[in-house]
Amino acid sequence: MSATPESGSIGDVEKSAAARTHTMEKDLTDGSVSTPNSEYERYLELHHQFEGPAHAKLIRKLDWRLLPTLSFLYLMCSLDKSNAGNAKLFGFLEDVGMTSTQFNQALMYLFFTYGLCEPVSNIALRRLGPKLWFPIIVCAWGLITTLTCLVRSYGAYVAIRLVLGLSEAGLYPGSYFILSMWYTPRELATRMAVFYGANTAAGAFGGVIAYGVGNLDGVHGWRAWKWLFLIEGVITIFAGLVCFVLLPQFPHQYTAEKGGSKWLEPDELEYAKLRVKYCNGPNAPTYVFRWADVLAAAKDRKTYLMMMLFWWGGSVPTYSLSYTLPTMVNNLGYSAVKAQALTTPPYIFATCVCVAVGWASDRYQRRYASIMGCYALGLVGIIILWVTVHHKNLSGVSYFAIFLAAAGYSAQAPIVGAWTSVNVPNPSKRAAAIGLLMLFGSVGGGSIGSNIYLASQAPTYPLGFGFSVGATVLGAMIPATIHWWLIRRENAKRDRMDLAEVQERYTQAELSEMGENSPLFRFTL
């Protein structure tokens, strides 16, 4: 399955992939390999047709159609989920009558419904398609965010956060799944990084918006936090309505009976369907939804190892930093409004690093190395920050450390998503695996991350910094290494197998059914 024209002849790829491609095409020609189905032969024909400028044109169309829409939705999702940290600085707790402990608890409660609904939402997305499912959930959370401006008690805020988590749950895992249905493994990390960059950009925009909204405090008798929730909620509702027009279906959902696609030419649409389906060779996975594939994801060791990375190396440090950063900068000696503005540069830097790491991960096909590099960068930032917050005269160094921490912990997320996606070829199993790893990551990471930087420990936060370091090393870096070693060992085992014996023992249908367990499949390291 690793032998594929898509991985060998377009773009910069490893020489070994190109060699395997040449071998397969030669074997198909001389008959030493059993003849693939006619659909795969059509894919090979289209693949050669779309080499060069035609391929670049198709990728540009996909990029401009998918990435701006999904990225903007995720930007609004991140803003709506994390704007509580900005609202806190504008008197939200005092007006509503909440303590800091109650506020942290309310933030935590969101992740229970958010995490529990992620796999359910991904299954619904797999069945209904993005053009129907995404507008529903986006408009729902936009309405809920808007209604937050009417909150007057702790109980009402808890209810709002629970429902917000339920409605927002589908966007993040769903977007990863949508991208994996349109892009091949060698293109995926870059696109996931651009998409995830919207999350880090949300930190930048959130600071800018909060800075501007801070000047609305008292206008028409409303506090600034009310304006914050109202403005972001209305924008989100509008974005949800736009989804009906801009967001495409899955490629296999476009059929001649339904009129095809208006934004892709017929040959482009056909190639877009087949190039992902056959990116691992002629033994393509089934596109029929089956509950057995969902169960298979729940039983797979890889799902839980990747979940550890997303949980301890992603959600815990990322969410804790997101919720605490405005207060942390404020503690360096800046006013509340200026602190909002100063949260913007670290997130802009993190966005640039995120996209650069995604590109490098695709370019060199080294997911493990990319992830470990991100963890190392985040750790360096957290450790420097941990030391320097004890010294007020080192506030500039502390601020620099925030840049490193924000960049490292943000950049790892899309690589974790890409590493999971490329090693699970079956779409239904992939959708379930992404949802499941994010379930535990969101519930565990979000609930813990929002409660480890305690206000009573400011500005040194010994629990928060210590927990972040321990979670990264023990909960993420070690599981990542174990996962890499296991799939590397499996690849070596399969490399020693005789191709002729494998094809004599299994039919093409059986190899397709086996997915990543096929002896012909090679895991991306």
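**Exercise 1.** Is Asp293 buried or exposed, and what is its relative accessible area?

*Solution.* The model is predicted, so that local features need pLDDT of at least 70 and side-chain atom pairs count only at pLDDT 80 or more, while totals for chains, interfaces and linings use all residues. Residues are numbered from 1 along each chain as its sequence is written, and side-chain values use heavy atoms, with hydrogens and water left out. The classes are set by relative accessible area: buried is under 20%, exposed is over 50%, and partly exposed lies in between (1.4 Å probe, protein chains only). With a relative accessible area of 9%, Asp293 is therefore buried. Its salt-bridge partner is Arg290, with the closest N and O atoms 3.0 Å apart, and Arg290 is partly exposed at 26%.

**Exercise 2.** Find which parts of the chain are linked by the salt bridge between Asp95 and Arg223.

*Solution.* A salt bridge requires a side-chain nitrogen of Lys or Arg within 4 Å of a carboxyl oxygen of Asp or Glu, and by this rule the count comes to 18. For the side chains of Asp95 and Arg223 the N to O distance is 3.1 Å. Asp95 belongs to helix 5 (residues 92–96) and Arg223 to the loop between helix 10 and helix 11, so that the pair links distant parts of the chain, 128 residues apart; here helices are DSSP runs (H or I, at least four residues), numbered from the N terminus. Asp95 is partly exposed at 37%, and Arg223 is also partly exposed, at 30%.

**Exercise 3.** Describe the salt bridge of Lys302 and Asp300, and then name the members of a salt-bridge network.

*Solution.* The side chains of Lys302 and Asp300 meet at 2.7 Å, N to O, and both residues are buried. A network of salt bridges links Arg42, Glu45, Asp267 and Glu270.

**Exercise 4.** Contrast the surroundings of two residues other than glycine that have a positive phi, His220 and Gln365.

*Solution.* His220 has a phi of about 55° and sits in the loop between helix 10 (185–214) and helix 11 (224–246), where, at 72% relative accessibility, His220 counts as exposed. Gln365 has a phi near 55° and is found in the loop between helix 16 (344–364) and helix 17 (367–388), but Gln365 is buried, with a relative accessible area of 6%.

**Exercise 5.** Locate the cis peptide bond that joins Ala458 and Pro459.

*Solution.* Omega of this bond is about 0°, and Pro459 lies in the loop between helix 19 (427–449) and helix 20.

Terms used. Helix = DSSP H or I, 4+ residues; strand = E, 2+ residues; numbered from the N terminus.
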